[in-house]
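Open the model in a viewer with residue selection and distance display at hand. The stops below run from loops to cores, then to charged pairs and one helix.

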Amino acid sequence: MVEALLVDVFSLPANLQNNIQGLLCNIVETIEKCSSTPAPFVYVMCCQRQGSERNGEHESLLPALRDFQSLKKRLEVVHAPSTAAALYTIKQSLDKKDLSIIKVILPTLRKDLMKAYIDHLFTAVYQFEFEDLQVASDCENLKIPEPESEGQKLSTQDMTLIQSEIQMYLESLPSLKGELTILRSSLIPDDTFLHGFTTRTGGISYIPTLSSCNLFSSSKRRDPQVVVKENLRRLANAAGFNPETFHRVKIDHANAVCIMGKTEPDSYDGIITNQKGVTIAAPGADCIPVLFADPVRKACGAAHSGWKGTLLGVSMATVNAMVSAYGCNVKDILVVLGPSVGPCCYTLPHESATEFHRIDPKCVRLFDSANPYIDIRRATRILLERGGILPENIQDDSVTDQNQNVTFCTACHPDKFYSHFRDGTNFGTQIGFISIKD
């Protein structure tokens, strides 16, 4: 059932402009009559490009639209300088109300254009159907149809302009939750490597569990790729790396490693490089973003180590790849464990906890309970040391000087970090990143 109605009156045909209130009344009454649930929220989108010849026409519509808005409690008129700005404003309202099923009523000539904007600004969490502005009179039209398979009708130039408009708009938005903050380890020499671990501040993601510097997008979350890309651009500017040469692991919760410059696996949780100026990264919201640096051979790596990857030895797999590909000596490799869920908060079913208990009983607390507390950091350190990494070349939450600590518990610090364990399925993601300086 339709949860929200979006009526696009941009480029409205002249014969419909004179009776905009009557047109909208008919649309809303039809929706209300056919709805078995409370009437959907209605957004009337009125936007134009600055300098457009149609500006005067749209300005003349505003008084009528605002009068109409005063008559309908669940109706909002969104007037913005661009389609991107109007749609993003509406998206914020939809997300605040947790609405996902949207009916778009618009002039036929705007349909393909609107679909392109929606494809960029929304994810698969949302369902859209489209209807010509002059129809909207048949209850059968309120059903959500199967996804359409029609081809893209817009030209490459049109798509480029749309992408540019969206990017410019997102770049204009203020940062949320304060300044962008990067945590750095004193173990990794900053004369050779650029590195850091992000926190959740300084981006533009606005959904509470994703706010504000979310750095991962998926079809199951409400943050689109364009927003993540803008957050990454801001991070790159603050940190000093090129976002165009940025590579993030393709998570599989296993132990495959990608060697930059060679054939890229379909999925992998570790990545290594010896190329200068290439930034590699691993995400983590509770899983550990692990960074590796060899200042002798000038090589580096990043790994995503959740509980499954930890048991599968993804960190040592990354070390071994550096040794094999770049001739690194395992005793020269420095390893830093980033923000991740701590043993204070993280539990697993007893069957999985048993695997950690085999690594070392100290990796498990309350072992006899149904859901023991697990220390994936300790397990990671133990496996690294067994593989030949020197104990003093590993930085984790065992540091005595807390001013040097970067391995905070993500679940314990909601103001600083995202946490899947704490926030549920629509969670944000921070990253650990590293590159070799030119």
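Start by selecting K177, which lies in the loop between α6 and β6 (182–183); helices (H or I, at least four residues) and strands (E, at least two) are DSSP runs, numbered from the N terminus. The model is a predicted one, where local features need pLDDT of at least 70, side-chain atom pairs count only at pLDDT 80 or more, and totals for chains, interfaces and linings use all residues. Residues are numbered from 1 along each chain as its sequence is written, and side-chain values use heavy atoms, with hydrogens and water left out.

**Backbone exceptions**

K177 is not a glycine, yet its phi is positive, about 60°. Its relative accessibility is 48%, so K177 counts as partly exposed; buried means under 20% relative accessible area, exposed over 50%, and partly exposed in between (1.4 Å probe, protein chains only).

Next, go to L366, in the loop between β15 (364–365) and β16 (373–374). L366 is another residue other than glycine with a positive phi, near 55°. At 59% relative accessibility, L366 counts as exposed.

Now select S211 and S212: the peptide bond from S211 to S212 is cis, with omega near 0°. S212 sits in the loop between β7 and α7. Why flag such places? Most residues other than glycine have a negative phi, and most peptide bonds are trans.

**The whole chain**

Zoom out and colour by secondary structure: the protein has 12 helices and 18 strands. Of its 438 residues, 54% are buried. The accessible surface (Shrake-Rupley method, 1.4 Å probe; for residues, only the protein chains shown count as cover) comes to about 19400 Å², and carbon and sulfur atoms hold 50% of that area. Among contacts (heavy atoms within 4.5 Å) between residues at least 6 apart in sequence, 70% join residues at least 24 apart.

**Two nonpolar cores**

Select L87, V104 and L170, which touch the most other members of the largest nonpolar core, a set of 39 residues. A nonpolar core is a set of buried Ala, Val, Leu, Ile, Met, Phe, Trp, Tyr and Cys residues joined through side-chain atoms within 4.5 Å. Helix α4 (residues 83–97) gives the most to this core, namely seven residues. The core lies between domain 1 (4–50 + 58–172) and domain 2 (182–436), because both give residues to it; the domain bounds come from an automatic or database domain assignment.

Stay on V104 and show its surroundings. Not counting residues up to four places away in sequence, V104 touches L6, M114, I118, F128, E129, F130 and E131.

Another core, of 35 residues, lies apart from the one between the domains. To find this second core, select A321, V335, L348 and I376, which are among its members.

**Charged pairs**

The whole structure contains 16 salt bridges, each a side-chain nitrogen of Lys or Arg within 4 Å of a carboxyl oxygen of Asp or Glu.

- D95 and R222 meet at 2.6 Å, N to O. D95 is in helix α4 and R222 in the loop between β7 (193–198) and α7 (225–239), 127 residues apart. D95 is buried at 11% relative accessibility, and R222 is buried at 7%.
- R233 and E171 have their closest N and O atoms 3.6 Å apart. R233 lies in helix α7 and E171 in helix α6 (residues 156–172), so the pair ties together parts that are 62 residues apart in sequence. R233 is partly exposed at 24%, as E171 is at 31%.
- D396 and R381 meet at 2.7 Å, N to O. D396 is in the loop between β17 (394–395) and α12 (420–423), and R381 is in helix α11, 15 residues apart. D396 counts as buried at 3%, and R381 counts as buried at 16%.

Then select K91, D95, D98 and R222 together: salt bridges that share partners join these four into one network.

**Helix α9**

Last, select residues 314–326. How far apart are the end C-alpha atoms of helix α9? They are 18 Å apart, which agrees with the 18 Å that its 13 residues should span at 1.5 Å a residue; the expected span is 1.5 Å times one less than the number of residues.

Which residues of α9 are buried? They are V314, S315, M316, T318, V319, A321, M322 and Y326. The buried residues of α9 pack against β9 (257–259), β10 (270–273), β12 (288–294), β13 (299–305), α8 (307–311) and α11 (376–386). Finish at G327, just after α9, where phi is positive at about 70°.
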